[in-house]
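Student: I should be grateful for a close look at a single part of this structure. Please explain how that part is placed and what surrounds it.

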Amino acid sequence: MLHGGVINVAALLAPLAVCAALIPLRDDVENTNAALILVLVVVAFASSGRRPAGILAAISSAVWFDFFLTRPYQAFTINDRADIETAVLLVLTGAAVTEIALWGRRQQASASRQTGYLEGILAAGETGLTGDALIEHVTTQITDVLGLDSCRYDAGGSRGYPTLGHDGAITRGGHAINVERDGLPIHSEIEIPLQGKGRLLLVAATRISRPDRRQRLIAVALADQLATALTEHPHEPACG
């Protein structure tokens, strides 16, 4: 994989090379078409997932578009209003394309994480683990899914802590907590009841974690796997 600095340098130089290559064709190729070619260059660097590379490519494209492809040539001056607009749009389009590409990469990464979480649910049911080993497996998975400090099993009953329910909502005293806005409660543990087999206690005290509803539902599904296992294989686990 190329180093970020190498990619950034390439992002600066590639538009220069493209504009220089278009010099013999500048009387035949409309500047708007040349700008579209440069947008493709920006897209190529934006797809690297590095915002600086996309932005540098966009700025470099506008600079060399001005220098090589607009009158007066070989001068950082544009006399034609249409060319000025094209140069500005080139920068704005390049920046927008960069952000869209980064958004797509984030969505892809999120989808990959969701797939991993779902595989974790299946794994919890297929590992053949029981007792403390299964508890450790499930609590580790939930800690990762929700971005927690810790998750532990407690054999006792509810103590009135905020509760993560089967609908993915976290409620305290009957009132829903807006997790997407406020994050998980940091001043109290959060519990997931285990169908009469105790509960899981979640701690998110050192940082604000905002797991989305899908992640919270996955955590509940993992807890259900544990509850089912504890029902089928009665066990006195070590309490944390």
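Tutor: Let us take strand 6 and begin with one residue pair: L201 in strand 6 is the bridge partner of R152. The model before us is a predicted one, and the description that follows rests on its computed geometry.

Strand 6 covers residues 199-203. The pairing of strand 6 with strand 1, which spans residues 150-154, is antiparallel and runs over five bridges. Strand 6 is also paired with strand 5, residues 190-193, again in the antiparallel sense, here over four bridges. L201 takes part in this arrangement too, for E191 stands opposite L201 in strand 6. Thus L201 has R152 as a bridge partner and also faces E191.

Next, consider how strand 5 leads into strand 6. The two strands form a hairpin, and five residues lie between them. Within that turn, Q195 has a positive phi of about 50°.

Is strand 6 largely enclosed or not by the rest of the structure? Four of its five residues are buried, so strand 6 is largely enclosed by the rest of the structure. As background, side chains in a regular strand alternate between the two faces of the sheet.

We may now turn to a residue that touches this strand from outside. L148 lies in the loop that joins helix 5 (131-146) to strand 1. Which residues does L148 contact, once its neighbours within four places in sequence are left aside? They are I142, T143, L184, L202, V203, A204 and R207. Of these, L202 and V203 fall within the range 199-203 of strand 6. L148 has a relative accessible area of 4%; a residue under 20% counts as buried, and therefore L148 is buried. The sequence and the fold can also be compared here: L148 and A205 are 57 residues apart in sequence, yet their C-alpha atoms are 8.1 Å apart in space.

For contrast with these buried positions, look at helix 4, residues 81-126, where L89 is placed. Together with I84, V88 and L92, L89 forms a nonpolar patch on the surface. The accessible area of these four residues together is about 360 Å².

To draw the picture together: strand 6 pairs with strand 1 and with strand 5, four of its five residues are buried, and the buried residue L148 is in contact with L202 and V203.

Technical notes. Residues are numbered from 1 along each chain as its sequence is written. This is a predicted model: local features need pLDDT of at least 70, side-chain atom pairs count only at pLDDT 80 or more; totals for chains, interfaces and linings use all residues. Side-chain values use heavy atoms; hydrogens and water are left out. Patches are made of residues with over 30% relative accessible area and no salt bridge: like charges are joined within 9 Å, nonpolar side chains (Val, Leu, Ile, Met, Phe, Trp, Tyr) within 5 Å. Accessible areas come from the Shrake-Rupley method with a 1.4 Å probe; for residues, only the protein chains shown count as cover. A salt bridge is a side-chain nitrogen of Lys or Arg within 4 Å of a carboxyl oxygen of Asp or Glu. Buried means under 20% relative accessible area, exposed over 50%, partly exposed in between (1.4 Å probe, protein chains only). Two strands pair if DSSP finds at least two bridges between them. Contact means heavy atoms within 4.5 Å.
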